[in-house]
Amino acid sequence: MRLLSAGSSTFKYDFGSEDAEGNQDSTVSVFTRDGNGPVRHFYSVHPRLSDDIDQRGIDLLSPVWHVLDLTRHGRGEWFPSLGY
């Protein structure tokens with residue numbers, strides 16, 4: 001797997017991971033390329049870290065959720081938040 005940095009490009013803003021003021025949110029983006037063809041955007045997802053983000057899309061990258069899912073009551077409607 002090849003991991004790349006967005007560096008000082010507009011990539012994070014273009015994919016909704018950064019706002020105009022430079023505030024950032026975690027995002028996972030997946031790209032594909034068939035053979036020697038062009039690179040294509042396949043998937044992007046944001047974690048649920050605030051009320052305006054309602055996805056659980058990066059669960060597979062954070063195994064703590066799997067542990068909570070195996071407990072007696074599971075994680076229910078509990079989500080992580082920025083206010084601790």
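Leaving out neighbours within four places in sequence, Ser17 is in contact with Lys12, Asn23, Gln24, Asp25, Ser26, Thr27 and His46. This comes from a predicted model. The chain has 84 residues, and its secondary structure comes to two helices and two strands.

**Ser17**
- Ser17 sits in the loop that runs between helix 1 and strand 1.
- Its relative accessibility is 9%. Buried means under 20%, so Ser17 counts as buried.
- One of its contacts, His46, belongs to another loop, the one between strand 2 and helix 2.

**His46**
- Strand 2 covers residues 40–45, and His46 lies in the loop between strand 2 and helix 2.
- His46 has a relative accessible area of 16%. That value also falls under the 20% cut-off, so His46 is buried.
- From His46 to Ser29 there are 17 residues in sequence. In space the two lie 9.0 Å apart, C-alpha to C-alpha.

**Largest pocket**
- The volume of the largest pocket is about 790 Å³.
- Helix 1 (11–14) and strand 1 (28–32) are the elements that give two or more residues to its lining.
- Strand 1 gives the most, with five residues.
- In total, 22 residues line the largest pocket.
- Nearest its centre lie Arg2, Leu3, Leu4, Ser29 and Phe31.
- Ser29 therefore appears twice in this briefing: beside the pocket centre in the list above, and in the C-alpha distance to His46.
- By class, the lining holds eleven nonpolar residues, seven polar and four charged.

**Fold and surface**
- Read from the N terminus, the elements run α-β-β-α.
- Of the residues in the chain, 14% count as buried. Ser17 and His46 are among the buried residues.
- Take contacts between residues at least 6 apart in sequence: 18% of them join residues at least 24 apart.
- The chain exposes about 7,000 Å². Carbon and sulfur atoms supply 54% of that area.

**Confidence**
- The average pLDDT of the chain is 75.
- A score of at least 70 is reached by 71% of the residues.
- Among the elements, helix 1 has the highest mean pLDDT, at 88.
- Helix 2 (residues 64–69) has the lowest mean, at 73.

Note on methods:
Residues numbered from 1 in each chain as written. Predicted model: local features only at pLDDT ≥ 70, side-chain atom pairs only at ≥ 80, totals over all residues. Heavy atoms only, no water. 1 Å grid on protein atoms, 1.4 Å probe; cavity = no way out; pocket = protein on both sides within 12 Å on 5 of 7 lines; lining within 4 Å. Points joined across faces, edges and corners; volume = space filled by probe spheres on them. Helix = DSSP H or I, 4+ residues; strand = E, 2+ residues; numbered from the N terminus. Nonpolar A, V, L, I, M, F, W, Y, C, P; charged D, E, K, R; others polar. pLDDT = per-residue confidence, 0-100. Buried < 20%, exposed > 50% of the residue type's maximum accessible area, 1.4 Å probe, protein only. Contact = heavy atoms within 4.5 Å. Areas by Shrake-Rupley, 256 points an atom, 1.4 Å probe, with all protein chains shown as cover.
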